[in-house]
Amino acid sequence: MNELPNNPDQTPSTSLAVQKAPMRTGGLLQTLQRPLPLAVTVLAVLLAVQTISSHSRINTLRRDMAQSLQKGNAVNAETAALAREVSDTAKELQVKVGVLESRQSEAQTQQLALEQLYQDLSKNRDEWALSEVEQVLNTASQQLQLAGNVQGALIALQNADRSLGRSDKPQFLNIRRAIGADIERLKAMPAVDLAGVALRLDNVIAQVDTLPMLSDEKPLLPAAPLRSTRKKNAEPEPETLSLGQRVVQTWRNWSQEMWDDVRQLVRVRSVDTPEALMLSPTESFFVRENLKLRLLNARLALLSRNESTFRDDLAGAQEILLKYFDTRARATQSAQGALRQVQANNLNIEMPTLSESLNAVRNYKAKG
């Protein structure tokens, strides 16, 4: 059996609430079955479906736009790379065009030079030959007067005579006769080998740093002791000698050994210039440089055919060698001999001019 509640007031209210619940559920269904709420519900469902579909389409569009932007960026990068390649190609083409233009200008210059050469060659061959001979004679005359190059002048005169001989014209006989006279005059001159003399001076200059100086001289190494030799050549053994003889032999051996030691420590030498022995390393360096300077000045005077300066510089160099260098050394003696050979050359030779040949050429051109 069911027990009755202790509170009688609560039983009716509970039963009423139970009875009202089914009534609310049934009311909602009835409400939805009405036209207006049903349309609102359908509209809400459609709006929700439309919202979801729109959101999905927007996401799809976003993905498509992102992909399109990525493709566009890739295309832009490729376009930029192609643009750079095109720019580099354009620069290379500009460089090549510049090279071609320079080559074209060089070709045009060469063409103009060839045309000028052709025009020059088209002139009268006699005038051309005479102009060439005159130029050669002028150059040979200048070399003869400035540098005393006799051999060069002879070669130039012989070439001029050979050039005129190829023409085989009697009009050139007077010119060839004058050139022949100048050739004989140059052959009769005493030969001076300026190049050989200059080479000897160069050799002496190259040896200056190795020549021994008086201030550089070092003491000799100690000589080998002669005690073992003396013992072999000594007198009989001390056992066979008397006391006085042994004392004399001991004193003699001791004094000889002492003399050997003193001779190894002290060297006596006679020097005319004692101050040369007291040069410091710096002063020795300047002495060598002064000697080189003297020899270089002599070489320049030789090439310019300045006789007095040449003699003075060689004499100064010889004086420096005698005063500061060890003249007993073979290298110093060799340098002195080379300088004496150089001094034996005579530079005071009056060079002839080629005026006779030049005047013959100019007179012929003036008559023509």
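Which residues is Ile-320 in contact with, leaving aside its neighbours within four places in sequence? I looked this up first and found Val-287, Asn-290, Leu-291, Arg-294 and Phe-325. I note at the outset that the model is a predicted one, and I keep that in mind for each entry below.

**Entry: Ile-320 and its surroundings**

I placed Ile-320 in helix α10, and I then checked its accessibility, which is 9%, so that Ile-320 counts as buried. For one of its contacts, Leu-291, I looked up the separation and found that Ile-320 and Leu-291 are 29 residues apart in sequence but 6.8 Å apart in space, taken from C-alpha to C-alpha.

**Entry: the whole protein**

I stepped back to the overall make-up and found 12 helices and 0 strands in the protein. Of its 368 residues, 23% are buried. The accessible surface comes to about 27,300 Å², and I noted that carbon and sulfur atoms hold 57% of that area. When I looked at contacts with a separation of 6 or more, I found that 79% of them are between residues 24 or more positions apart.

**Entry: helix α10**

I returned to α10 and compared its span with the expected one: the 18 residues should span 26 Å at 1.5 Å a residue, and the end C-alpha atoms are indeed 26 Å apart, so the two agree. I then listed the buried residues of α10, which are Glu-307, Phe-310, Asp-313, Leu-314, Gly-316, Ala-317, Gln-318, Ile-320, Leu-321 and Tyr-324. What covers these residues? I found that the cover for the buried residues of α10 includes α6, α9 and α11.

**Entry: the nonpolar cores**

I looked next for nonpolar cores, remembering that in soluble globular proteins nonpolar side chains tend to be buried together. The largest core has 27 residues, and those that touch the most other members are Leu-201, Leu-291, Leu-295, Phe-310, Phe-325 and Leu-339. The elements that give two or more residues to this core are α6, α9, α10 and α11, the last of which covers 330-343.

I followed Leu-295 further and, leaving aside its neighbours within four places in sequence, I found it in contact with Leu-201, Val-204, Ile-205, Val-208, Ala-317 and Leu-339. There is also a second, separate core of 23 residues, which includes Val-133, Val-150, Leu-164 and Leu-358.

**Entry: helices α6 and α4**

I checked α6, which runs over residues 194-207, and found that its 14 residues reach 20 Å from the first C-alpha to the last, close to the 20 Å expected at 1.5 Å a residue. Its buried residues are Leu-194, Gly-196, Val-197, Ala-198, Leu-201, Val-204 and Ile-205, and among them Leu-201, Val-204 and Ile-205 are contacts of Leu-295.

I did the corresponding check on α4, residues 150-167, where 18 residues reach 26 Å, close to the 26 Å expected at 1.5 Å a residue. In α4 I found Val-150, Ala-153, Leu-154, Ala-156, Leu-157, Ala-160, Ser-163 and Leu-164 to be buried, and I noted that Val-150 and Leu-164 are included in the second core.

**Entry: salt bridges**

I turned to charged pairs, since side chains of opposite charge can pair when their charged atoms come close. How many salt bridges does a search of the whole structure find? The search finds 8 salt bridges, and I looked at several of them.

The side chains of Arg-185 and Asp-182 form a salt bridge at 2.4 Å, N to O. Both lie in helix α5 (residues 173-187), where their 3-residue separation amounts to about one helical turn. Arg-185 is partly exposed at 36% relative accessible area, whereas Asp-182 is buried at 1%.

Asp-313 forms a salt bridge with Arg-294, with 3.4 Å between the closest N and O atoms. Because Asp-313 lies in α10 and Arg-294 in α9, the pair ties together parts that are 19 residues apart in sequence. Here Asp-313 is buried at 7% relative accessible area, while Arg-294 is partly exposed at 30%.

Arg-328 and Asp-326 also meet in a salt bridge, at 3.7 Å from N to O. I found Arg-328 exposed at 51% relative accessible area and Asp-326 buried at 10%. My last note is that salt bridges with shared partners join Asp-209, Glu-289 and Lys-292 into one network.

Definitions and conventions:
Residues numbered from 1 in each chain as written. Predicted model: local features only at pLDDT ≥ 70, side-chain atom pairs only at ≥ 80, totals over all residues. Heavy atoms only, no water. Helix = DSSP H or I, 4+ residues; strand = E, 2+ residues; numbered from the N terminus. Expected span 1.5 Å × (residues − 1). Buried < 20%, exposed > 50% of the residue type's maximum accessible area, 1.4 Å probe, protein only. Salt bridge = Lys/Arg side-chain N within 4 Å of Asp/Glu carboxyl O. Contact = heavy atoms within 4.5 Å. Areas by Shrake-Rupley, 256 points an atom, 1.4 Å probe, with all protein chains shown as cover. Core = buried A, V, L, I, M, F, W, Y, C linked by side-chain atoms within 4.5 Å.
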